[in-house]
Amino acid sequence: MGTISDCKYLNFSKIKNRAGNITILENGDGRVLPFDVKRVFYLFDIPSGQSRGAHAHMECHQLLIAASGSFEVHLNDSKGEKVVYLNRPDMGLYVPPGIWASERGFSSGSICLVLASHLYDERDYIREYGEFLIYCGNE
């Protein structure tokens with residue numbers, strides 16, 4: 001089970017070009033990605049004041065990237081909390097299993113890109129905070 005100290009910013013290489021920059025992420029590149037990607041999804045058109053996430057995973061690792069705009073990620077491992085800010089497409093936040101995470105404070109036009117280590121499986125989600133505390137052994 002992860003702790004908030006395991007949640008880390010990852011910097012991606014950026015290939016600069018006058019016509020626009022590019023960042024490449026590939027499976028099997030353990031230098032950048034701490035897991036192989038099996039699912040990709042993104043959050044967009046989030047109304048002002050809304051939050052997303054507010055759950056934990058038992059097995060799935062995730063990498064969150066602000067593909068456009070900015071947002072905050074609130075992290076909780078049942079023993080401590082941390083808030084990180086994402087606003088660059090060449091930087092991501094690694095979130096291991098066992099972390100309660102929610103995304104908030106989305107800027108207008110923001111896009112949260114998520115790379116996940118597992119295919120969608122509802123059984124992997126902990127969606128109630130009380131259940132998360134029990135899972136962590138705190139209740």
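Which residues lie nearest the centre of the largest pocket? In this predicted model, they are Phe41, Gly53, His55, Gln62 and Glu103, and they belong to a lining of 18 residues.

**The largest pocket**

Let's start with the pocket itself, which holds about 240 Å³ of space. Four elements each give two or more residues to its lining: β2 (39–43), β3 (52–57), β4 (62–68) and β8 (100–104). Strand β3 supplies the largest share, with five residues. By residue type, the lining divides into 12 nonpolar, four polar and two charged residues.

Strand β3 also contains His57. Is His57 buried or exposed? His57 counts as buried, because its relative accessibility is 4%, and the cut-off for buried is under 20%. If you would like a distance to check on screen, the C-alpha atoms of His57 and Lys8 are separated by 17 Å, with their positions 49 residues apart along the chain.

**Salt bridges**

The structure holds four salt bridges, including the three in this table.

| Pair | N to O distance |
|---|---|
| Asp90 and Lys14 | 3.7 Å |
| Arg88 and Asp90 | 3.1 Å |
| Arg127 and Glu122 | 2.8 Å |

Asp90 is a good residue to look at next. Its side chain meets that of Lys14 in a salt bridge. Asp90 sits in the loop between β6 (81–86) and β7 (91–95), while Lys14 sits in the loop between β1 (8–11) and β2, so this pair ties together parts of the chain that are 76 residues apart in sequence. The side chain of Asp90 also meets that of Arg88, and Lys14, Arg88 and Asp90 are linked in a network of salt bridges.

How do the members of this network sit relative to the surface? Asp90 is buried, with a relative accessible area of 9%. Lys14 is partly exposed at 38%, and Arg88 is partly exposed at 35%.

The salt bridge between Arg127 and Glu122 joins two partly exposed residues: Arg127 has a relative accessibility of 38%, and Glu122 has 36%.

**A nonpolar patch on the surface**

Finally, have a look at the outside of the model. Which residues form a nonpolar patch on the surface? Met1, Met58 and Tyr135 do, and together they have about 290 Å² of accessible area. Tyr135 is found in helix α1 (residues 129–135). With a relative accessibility of 34%, Tyr135 counts as partly exposed.

Key: Residues are numbered from 1 along each chain as its sequence is written. This is a predicted model: local features need pLDDT of at least 70, side-chain atom pairs count only at pLDDT 80 or more; totals for chains, interfaces and linings use all residues. Side-chain values use heavy atoms; hydrogens and water are left out. On a 1 Å grid over the protein atoms alone, a cavity is a set of points where a 1.4 Å probe fits but cannot get out, and a pocket is an open set with protein on both sides within 12 Å along at least five of seven lines; lining residues have an atom within 4 Å of a point. Grid points are joined across faces, edges and corners, and a volume is the space filled by probe spheres set on the points. Ala, Val, Leu, Ile, Met, Phe, Trp, Tyr, Cys and Pro count as nonpolar, Asp, Glu, Lys and Arg as charged, and the others, Gly among them, as polar. Patches are made of residues with over 30% relative accessible area and no salt bridge: like charges are joined within 9 Å, nonpolar side chains (Val, Leu, Ile, Met, Phe, Trp, Tyr) within 5 Å. Accessible areas come from the Shrake-Rupley method with a 1.4 Å probe; for residues, only the protein chains shown count as cover. Buried means under 20% relative accessible area, exposed over 50%, partly exposed in between (1.4 Å probe, protein chains only).
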